[in-house]
Each structure stands twice: as C-alpha cells, then as structure tokens.
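Dear colleague,

I am handing over the structure we spoke about, and it is placed just below so that you can keep it open while you read. My notes on what was found in it follow after that.

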Amino acid sequence: MAQSVAAEALQRAGTVRSPTRARDLAETKLDRAVLLLDHPQAARAPVPENPRPRSSHKDRTAPDHSLNYPAALRLHELWAQYATTCLRLADSEPLDREWIAERITRMDLHGAMLQVIRSRDPTMVGKTGVVVRETANTFFIVSESSATICVPKQPSVFEFAVADIRLQLVGAAVAYRPSERSARRFKRRHFGSMTI
C-alpha cells in the first residue's frame, strides 16, 4: 500500500515517467530509509516577534520603582554603617590608602551616595544620588527630586564619601556585576584619587 502511494507521488511529481520505474524506485526508497510524508517545517510554532523595541542610548530614565529620595537616604545611612564596618574606620589604627581603595572597589555600592564628576556625556556630569540598583554597565541612582537616573559606568568617573574619606572611582574599573566585582582583584590605576 505504502509503495503504491509513493510510486504515484513520484510519478505525479514528474521525476519518473514510467509507472514500473516509479514502483521500483519507491520500493528501494522504502526499503532503505524512512520516507517523510509531512513537511517538518510546518509542525513548528511561529516565532513571536519581540514586543519591546531596543532602547536608545538617549533614553536614560529608568522605570519608576516607587523609591523616593527620603527612602533612598535611609538606605544610604545603612550603607554608611556597612562601609564603616567594612573599612574598619572605628579602629584607631592608621589608614592604609591602598587597602582602603581595594576594599571600596570590592564593596557593595547599593546605597552609596555617588556624584558623577567626569563623563563623556556632558549631561551626566554633576548628577548626584543614592545607588538603588547596579548592573554590569550602569548605576541607577535616585536624585533629590526622587527621579531615578540611569548613569553608565564606562565613560564616567564617580566620587563618593565614607566618613572623612573621599574617593574617586573610575567607572571602567567597576564595569562588572556586583557579585563578580566582590571576588575580583583591581590594580591601583582603577582607584582614581583618594583624599583622607
């Protein structure tokens, strides 16, 4: 039965003119391999299109996560306590600049009060706020007007303070996810300048 159906299909397709040759060809094809009768592409589901277009670099506003500036300031107070503990600033030992710079680079910066002091984008210079979210390439900061601003790390230099220590941080040095940065070792050139 299957041989006669395959022979008729080959003859209708015009690849074989004689019915006996079509029957012989169908018989050898059916004996040697599996003959697919359905088109395998038809069984696949269509791939849905991406509903969200890619964002442009000019759109630097982040979605509203309902975090206002007073709440971000409370987060900053907690971060200041965390930073003081991590840097052991309560101890009366003399401060080692290299050790502090390395520790700050590896610390979690969620809650730090950052200010952009240099950037390739002139609209970013002077932006100040509390870090509420950090990705590999951006900081999301909440400004005094409770606006969430996305600041790129790569072309920027940031400044922040812990107790009496002011540190400039090169954005390219921290262009990693926070979890990767905590285990990474940095070179001195990534720290910028530090004032105690």
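Let me begin with the cysteines. The structure holds 0 disulfides, and please keep in mind throughout that this is a predicted model. Two cysteines can nevertheless be placed by their accessibility: C86 counts as buried because its relative accessibility is 17%, and C150 counts as buried because its value is 10%, the cut-off for buried being under 20% relative accessible area.

As for the overall layout, the protein has 5 helices and 7 strands, and their order along the sequence reads α-α-α-α-β-β-β-β-β-β-α-β. Of its 196 residues, 32% count as buried. When one takes the contacts between residues at least 6 apart in sequence, 52% of them join residues at least 24 apart.

Turning to the strands, β1 (residues 113-119) pairs with β2 (residues 128-134) in the antiparallel sense, over 3 bridges, and within this pairing M113 stands opposite V130 of β2. Strand β1 also pairs with β5, again in the antiparallel sense, over 4 bridges, and here V116 has F158 in β5 as its bridge partner.

Next come the aromatic rings, for which a search of the whole structure finds 2 pairs. One of them is formed by W79 and F160, in an edge-to-face arrangement with 6.0 Å from centre to centre and 70° between the planes. This pair links distant parts of the chain, since W79 lies in helix α3 (residues 69-86) and F160 in strand β5 (residues 156-162), 81 residues apart. Both W79 and F160 are buried.

The other pair brings together F139 and F158, likewise edge-to-face, with the ring centres 5.1 Å apart and an angle of 90° between the planes. It too links distant parts of the chain, with F139 in strand β3 (residues 138-142) and F158 in strand β5, at a separation of 19 residues. Both F139 and F158 are buried. You will recognise F158 from the strand pairing described above, where it is the bridge partner of V116.

The ring of F139 has a further neighbour that you may wish to look at, namely K153, whose charged end sits over that ring at 4.9 Å from its centre. What else does the side chain of K153 meet? It forms a salt bridge with the side chain of E134, at 2.8 Å from N to O. Because K153 lies in the loop between β4 (148-152) and β5 while E134 belongs to strand β2, this salt bridge ties together parts that are 19 residues apart in sequence. Both partners, K153 and E134, are buried.

In total the structure holds 2 salt bridges, and the one not yet described joins R166 to E159, with 3.0 Å between the closest N and O atoms. Are its two partners buried or exposed? R166 counts as partly exposed, because its relative accessibility is 36% and that class lies between the 20% and 50% limits. E159, by contrast, is buried, because its relative accessible area is 17%.

Helix α3, already mentioned for W79, also contains H76. With a relative accessibility of 18%, H76 counts as buried. Leaving aside residues up to four places away in sequence, H76 touches G111, A112, M113 and V130. Two of these, M113 and V130, are the residues that stand opposite each other in the pairing of β1 with β2, so that following the contacts of H76 leads you from the helix to that place in the strands.

One backbone detail remains. S146 has a phi near 65°, which is a positive value in a residue other than glycine. Its place is in the loop between β3 and β4, and S146 is partly exposed, with a relative accessible area of 30%.

If you would like a short route through the model, I suggest opening it at K153, where the contact with the ring of F139 and the salt bridge to E134 can be viewed together, and then going on to F158, which forms the aromatic pair with F139.

With best regards

Terms used:
Residues are numbered from 1 along each chain as its sequence is written. This is a predicted model: local features need pLDDT of at least 70, side-chain atom pairs count only at pLDDT 80 or more; totals for chains, interfaces and linings use all residues. Side-chain values use heavy atoms; hydrogens and water are left out. A disulfide is a pair of cysteine sulfur atoms within 2.5 Å. Buried means under 20% relative accessible area, exposed over 50%, partly exposed in between (1.4 Å probe, protein chains only). Rings of Phe, Tyr and Trp (its six-membered ring) pair if their centres lie within 6.5 Å; planes under 30 degrees apart count as stacked, over 60 as edge-to-face and the rest as tilted. Helices (H or I, at least four residues) and strands (E, at least two) are DSSP runs, numbered from the N terminus. A charge sits over a ring if NZ of Lys or CZ of Arg is within 6 Å of the ring centre and within 35 degrees of the ring normal. Two strands pair if DSSP finds at least two bridges between them. A salt bridge is a side-chain nitrogen of Lys or Arg within 4 Å of a carboxyl oxygen of Asp or Glu. Contact means heavy atoms within 4.5 Å.
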